[in-house]
Protein chains: 2
Amino acid sequence: MDEMPARMAAKPSWLITQLAVHTRRLVFDAFAAAGSRGHHYRALAVLHEFGAVSQAELGRRSRMDRSDVVAAVNELVEQGLVDRSPDPDHGRRNKVTVTRAGVRHLRRMDGVVDQVQDDLLQPLSAEERQTLTRLLGRVLARHEDL
Amino acid sequence: MDEMPARMAAKPSWLITQLAVHTRRLVFDAFAAAGSRGHHYRALAVLHEFGAVSQAELGRRSRMDRSDVVAAVNELVEQGLVDRSPDPDHGRRNKVTVTRAGVRHLRRMDGVVDQVQDDLLQPLSAEERQTLTRLLGRVLARHEDL
DNA sequence: GAGTAATGTTGGTGCCACCAACGAATGAGC
DNA sequence: GCTCATTCGTTGGTGGCACCAACATTACTC
């Protein structure tokens, strides 16, 4: 691989965005091979951990725009992995729930995701992986609450 | 900010791609405020550090697709920041060079980029920043040569 | 000299984040 | 109660970034 400018190679912003490109590809390929996609996994994860929620809350918890949630839920409904029904207590709101098949699919994808972590962090020791995760978590947290 | 699923919050792949979103926004906004863009900075950095190169090499060194290089160089030429001329020794190849104004612009953008690093890593100490940079660099290097 | 590779260019694709607007419905302040 | 602001689902669209296919032209390899 050709050498890149030194001023770029040393910048955290470059390292993060560039590594994210590779990461996205790993994740995308792994999901694609299993017939799924990132948005789907995120939605299923939210529904599994927080129970039935509205699409709006689903979007907030999975960091997705409302409009993207619509598409994701549409696709998941079509695959029988979630159910969408109007919330009886709440006129406008939808209640989205994972199906049995959805939970099974989520479990499979959990395995896929774990595999990706291993591919991604291959050059690092267990301790280094932990350090990296901790530091990234702190930086991200800072940027999430403003 | 709403809580996200625990299985996601702990995954390096999630932390990296999600932090990259915030990073891209910081970089994009900072560049936009200075009337520039990421591709432009990358191209100028390559030209400044490696001298006059072909568009193909420019793309390889800045991790851009050849087609994206065409657009970036077009725009930079229009702003007078680079010159594009046919390589005399090489029929098909173009020789791209930074202009005086291009170097000045690059220097300004260097300052902008440095500021972004500070915003980005605010919660970390100097030592932690160094650790993070080193770990990210190692992981990225691994994924760049296969 | 013939076949392969590289170059610049055009014109796409797709993911992901995001925005604007809208009608419908809920919630808060008074 | 009634008004006003907010929330919700949905449609349709933007833009950055990475990437791919094809093509004509030129260089490189054997």
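Biologist: What pattern does chain A follow, read along the sequence?
Modeller: This is a predicted model. In it, chain A has seven helices and two strands. Read from start to end, the elements of chain A run α-α-α-α-α-β-β-α-α.

Biologist: What box do the C-alpha atoms of chain A fill, and what share of the residues of chain A counts as buried?
Modeller: Along the principal axes, the C-alpha atoms of chain A take up a box of roughly 60 × 35 × 30 Å. Chain A has 146 residues. Of these, the share that counts as buried is 43%.

Biologist: How many aromatic pairs does the structure hold over all chains?
Modeller: One pair is formed by A:Phe31 and A:Tyr41, with 5.5 Å centre to centre. Another is formed by B:Phe31 and B:Tyr41, also with 5.5 Å centre to centre. Over all chains, the number of aromatic pairs is two.

Biologist: Is the pair of A:Phe31 and A:Tyr41 stacked, edge-to-face or tilted?
Modeller: Planes under 30 degrees apart count as stacked, and planes over 60 as edge-to-face. The planes of A:Phe31 and A:Tyr41 are 40° apart. That angle makes the pair tilted.

Biologist: Which helices of chain A does this pair link?
Modeller: A:Phe31 and A:Tyr41 are 10 residues apart, in distant parts of the chain. A:Phe31 is buried, and A:Tyr41 is too. The pair links helix α2 (residues 12-33) and helix α3 (residues 38-50) of chain A.

Biologist: Why does the pair of B:Phe31 and B:Tyr41 tie together separate parts of chain B?
Modeller: The two rings of B:Phe31 and B:Tyr41 form a tilted pair, with 40° between the planes. B:Phe31 and B:Tyr41 are both buried. The pair ties parts 10 residues apart in sequence because B:Phe31 lies in helix α2 (residues 12-33) of chain B and B:Tyr41 in helix α3 (residues 38-50) of chain B.

Biologist: Does the end-to-end distance of α3(B) agree or disagree with the expected span, and what is that distance?
Modeller: α3(B) has 13 residues. At 1.5 Å a residue, the helix should span 18 Å. The two agree, because the end C-alpha atoms of α3(B) are apart by 18 Å.

Biologist: Which residue follows α3(B), with a positive phi?
Modeller: Within α3(B), the buried residues include B:His40, B:Tyr41 and B:Leu47. After the helix comes a residue with phi near 75°. That residue is B:Gly51.

Biologist: Which residue lies over the face of A:Phe50?
Modeller: In chain B, B:Arg61 lies over the face of B:Phe50, at 4.0 Å from the ring centre. In chain A, the distance to the ring centre of A:Phe50 is 4.0 Å. The residue over that face is A:Arg61.

Biologist: How many residues surround DNA strand D, and how many of the residues of that surface are charged?
Modeller: DNA strand D is surrounded by 24 residues, the closest being A:Ala56, A:Arg60, A:Arg92, B:Arg42 and B:Arg92. Of the strand atoms within 4 Å of the protein, 65% belong to sugar or phosphate. By class, the surface has four nonpolar and nine polar residues. The charged residues number 11.

Biologist: Which residue has a polar side-chain atom 2.7 Å from a base oxygen of DNA strand D?
Modeller: A polar backbone atom of A:Ala56 is 2.6 Å from a phosphate oxygen of this strand. A polar side-chain atom of B:Ser67 is 2.9 Å from a base nitrogen. The side chain at 2.7 Å from a base oxygen is that of A:Arg92.

Biologist: Which residues come nearest to DNA strand C?
Modeller: Sugar and phosphate make up 60% of the atoms of DNA strand C within 4 Å of the protein. The surface near DNA strand C has four nonpolar, nine polar and 10 charged residues. Of the 23 residues around the strand, those that come nearest are A:Arg42, A:Arg92, B:Ala56, B:Arg60 and B:Arg92.

Biologist: Which residue has a backbone N or O atom 2.8 Å from a phosphate oxygen of DNA strand C?
Modeller: Side chains of chain A come to the bases: a side-chain N or O atom of A:Ser67 is 3.0 Å from a base nitrogen, and one of A:Arg92 is 2.6 Å from a base nitrogen. The backbone contact to a phosphate oxygen comes from B:Asn94.

Key: Residues are numbered from 1 along each chain as its sequence is written. Chains are lettered from A and ligands numbered from 1 in the order in which they are written. This is a predicted model: local features need pLDDT of at least 70, side-chain atom pairs count only at pLDDT 80 or more; totals for chains, interfaces and linings use all residues. Side-chain values use heavy atoms; hydrogens and water are left out. Rings of Phe, Tyr and Trp (its six-membered ring) pair if their centres lie within 6.5 Å; planes under 30 degrees apart count as stacked, over 60 as edge-to-face and the rest as tilted. Helices (H or I, at least four residues) and strands (E, at least two) are DSSP runs, numbered from the N terminus. Buried means under 20% relative accessible area, exposed over 50%, partly exposed in between (1.4 Å probe, protein chains only). A charge sits over a ring if NZ of Lys or CZ of Arg is within 6 Å of the ring centre and within 35 degrees of the ring normal. A residue is near a molecule or strand if one of its heavy atoms lies within 4 Å of it. A polar contact is a pair of N or O atoms within 3.5 Å; within protein, one must be able to donate a hydrogen and the other to accept it, and residues adjacent in sequence count only if both atoms are side-chain atoms. Ala, Val, Leu, Ile, Met, Phe, Trp, Tyr, Cys and Pro count as nonpolar, Asp, Glu, Lys and Arg as charged, and the others, Gly among them, as polar. The expected span of a helix is 1.5 Å times one less than its number of residues.
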